[in-house]
Amino acid sequence: MPASLVQIQQIFDKKLEGKKVKIRGWVYRKREIKYTIFLLIRDSTGVIQCTVKKDSSAWEMADKVTIESSVILSGMVKSDKRAPGGYEIAVDQLTIVGLAETFPITKDYSEDFLRDVRHLWLRSRRMTLIMRVRSEVLKFIHDFFRRRGYVEVSPPMFISSACEGGATLFGLKYFDKELYLTQSAQLHLEALIYSLEKVYCVAPSFRAEKSRTIRHLAEFWHVEAEAAFTTMEDMMKLEEDLVAYICHQTAKKCKKELEILNTNIEKLLKVKTPFPRITYNEAIERLQNKGFKIEWGEDLGYDEEKALAEDFGHPFFIYAYPRKIKAFYCKTYRDNPELVMSEDMLVPRIGEIITGGAREDNKEELIKRLKEFGLRQEDYEWYIDLRRYGTVPHAGFGLGVERLLAWILDLENVIDAVPFPRTIRRYYP
RNA sequence: GCCGCCGUAGCUCAGCUAGGUAGAGCGACGGGCUGUUAACCCGUGGGUCGUCGGUUCGAGUCCGACCGGCGGCGCCA
C-alpha cells in the first residue's frame with residue numbers, strides 16, 4: 001500500500017499508528033548516535049520525530065541532511081514513549097528537496113541579530129504562532145464589522161494632503177509631482193459615508209515619526225471606521241464592542257497558541273463592556289492628585305497614560321480633550337468650543353490603541369479650524385465639499401493592529417506583531 | 001530633535017578598571033557513542049577586536065571624531 005500524504009498534526013490527531021505515511025517539511029533538529037539518526041521534522045501544523053536506522057535505505061540521505069533542509073519522507077507511524085508527543089515515524093524513504101547550508105540561527109542569539117535575519121526567524125515557533133494569531137485577529141475584525149453592516153472599502157495609499165501633522169509625512173516622487181504616503185485613511189473614508197453610511201478598512205498607514213519606542217512603527221496596519229448619523233458616544237460603544245469581541249474570540253479560538261506563547265488569557269476573558277470612561281479634565285485631576293506636574297491644556301505623555309492605565313488594569317477611554325492638542329477635523333462641543341469630541345482608548349503598558357471621535361461637520365467651523373492649524377484651504381477643498389453637499393453628523397476611529405496584538409499577546413515590542421517591521425532604523429529584510 | 005547604553009570568531013559573550021603574543025561556550029568540520037530530547041565525550045579549523053585618527057617603545061584596552069544598532073522622552077495608533 002502506498003504511503004498517504006499527511007500533515008504532521010494529523011498524525012497526532014487521527015491516530016495513524018501502524019499506518020504508512022508521507023510528510024513534507026523542514027528539518028527542525030538533527031541528532032545522531034551510532035545506529036540511529038533522529039530528525040525532528042516541522043511543517044505548518046507541527047513537529048514530529050522521525051527515526052532513521054543504519055540498515056534503512058534512507059540512512060545515506062539522513063546522514064547528509066542538514067538543519068532547515070526541505071525534505072519529503074515516508075515511513076511507518078509508531079507509538080513510542082521516548083518520542084516527543086508520543087509518536088514517531090520510522091523512515092524508510094527520504095528525499096532531500098533543498099539541502100540547506102549551515103543555518104545561521106542557533107541557540108544563542110540576540111534580539112539585534114534576529115532582526116538582521118528576520119526573514120529566517122519567521123520560521124521560528126514563536127513567530128509562526130504570532131502570525132497565526134494575527135491572521136485570526138484580522139478575521140475577527142472583518143467578522144465584527146460585517147455583522148454590524150459596515151462595508152469594507154479600499155482607500156488610496158498615495159495622498160496629496162496631510163491628515164495628521166505634516167511633519168510626519170513620507171514624501172515621494174509621483175511622476176513629476178511630490179506626493180505623500182497616507183498617514184490615515186480617515187479623510188477618504190469620510191467621503192464614502194455619504195453613500196455607504198458605514199464603512200471600514202484595514203490598510204497600512206505610514207508615519208515618519210522619529211520615534212524610538214517599543215510601540216512605534218513607520219508602517220503599521222490601521223483599522224479605520226467611519227459612520228454617518230453617528231455621535232462620538234455611539235463610536236465609543238462600537239470600539240469597546242470591537243475590542244471586547246476580539247479579546248474574547250482570541251481567547252477562545254487561539255487558546256493553544258496563547259498557551260504556548262505564555263500569554264495571560266485571563267486578562268482577555270476579563271475584558272467587559274462598558275469600558276471605564278473619564279474626561280480629559282478628570283484625567284488631569286487624577287494625575288495632579290498623584291503628584292504629576294501637569295496643567296490643564298497640556299497633552300498627556302506616556303508616563304501619564306501609563307499611570308492612569310495602571311489604575312484601571314483594563315482598556316479604558318479618555319475623552320473631551322482641549323481643542324488645541326487635537327487634530328483640525330475634530331468637532332468642538334457646541335456649548336464649550338475649547339473642548340473637542342475626541343476620544344482615546346488606552347490599554348496598560350502599550351498606551352493608546354485607538355483614537356476616535358466626532359468630525360467637524362459644519363463648513364464654516366471646519367474652515368476656521370484649518371486656518372487655526374495653519375493649513376491651506378485649497379489643499380482641502382475636496383474635504384470641505386463633503387460639508388457643502390449634504391453634510392451629516394459623523395464619527396469614526398482608528399485602531400493600531402500591532403499595538404492591539406502587542407497588548408493581547410504580551411509582546412515586548414510591536415515589531416514582533418508584524419512579519420517585516422519598518423522602523424526609523426530598520427527596513428531590511 | 002534631546003538623553004542613555006552597546007559594537008571582540010557564523011552566534012552568545014569574557015578580556016578594557018590597572019596598555020605587553022586574541023580567549024571560552026555554542027554552531028561548523030573530523031572521530032566516538034545501541035534511543036536522542038536545543039544529547040554527550042575527544043579533537044580540528046575559524047579574528048582587518050565597527051571605522052578613521054591621536055597618545056605610547058607597544059592599543060581590543062587610554063583619548064577624539066565618525067558610522068551602525070538598541071532603549072527612554074517628545075509625537076502618535
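How are α5 and α7 oriented to each other? Let's look at this pair of helices in the predicted model, and then turn to the RNA.

## Two helices that cross

Helix α5 covers residues 125-147 and helix α7 covers residues 232-253. Their axes cross at roughly 135 degrees and come within 9 Å. Angles from 115 to 145 degrees count as oblique, and α5 and α7 are therefore oblique to each other. The crossing of α5 past α7 is right-handed.

On the α5 side, the contact is made by V133, V137, F140, I141, D143, F144, F145 and R147. Helix α7 answers with L238, D241, L242, Y245, I246, Q249, T250 and K253. Sorted by character, the residues of this contact comprise 10 nonpolar, 4 charged and 2 polar.

## The surface around the RNA

Now to RNA strand B, which has 51 residues around it. Those that come nearest are R31, D108, S110, I353 and R403. The surface near the strand divides into 24 charged, 14 polar and 13 nonpolar residues. Elements that each supply at least two of its residues include the strands β2 (20-33), β4 (46-53) and β12 (219-228), along with the helices α3 (111-116) and α11 (302-312).

## What touches what

Of the RNA atoms within 4 Å of the protein, 53% belong to sugar or phosphate, and the rest to bases.

Three contacts show this in detail. The side chain of E209 has an N or O atom 2.8 Å from a sugar or linking oxygen of RNA strand B. For R212, a backbone N or O atom lies 3.1 Å from a phosphate oxygen of the strand. H216 places a polar side-chain atom 2.7 Å from a base oxygen of RNA strand B.

Note on methods:
Residues are numbered from 1 along each chain as its sequence is written. Chains are lettered from A and ligands numbered from 1 in the order in which they are written. This is a predicted model: local features need pLDDT of at least 70, side-chain atom pairs count only at pLDDT 80 or more; totals for chains, interfaces and linings use all residues. Side-chain values use heavy atoms; hydrogens and water are left out. Axes are lines fitted to C-alpha atoms, for helices over the stretch in contact, and angles run from 0 to 180 degrees between N-to-C directions. Helices (H or I, at least four residues) and strands (E, at least two) are DSSP runs, numbered from the N terminus. Angles under 35 degrees count as roughly parallel, over 145 as roughly antiparallel, 65 to 115 as roughly perpendicular and the rest as oblique. A crossing is left-handed if the near helix is turned anticlockwise from the far one by less than a right angle, and right-handed if clockwise. Contact means heavy atoms within 4.5 Å. Ala, Val, Leu, Ile, Met, Phe, Trp, Tyr, Cys and Pro count as nonpolar, Asp, Glu, Lys and Arg as charged, and the others, Gly among them, as polar. A residue is near a molecule or strand if one of its heavy atoms lies within 4 Å of it. A polar contact is a pair of N or O atoms within 3.5 Å; within protein, one must be able to donate a hydrogen and the other to accept it, and residues adjacent in sequence count only if both atoms are side-chain atoms.
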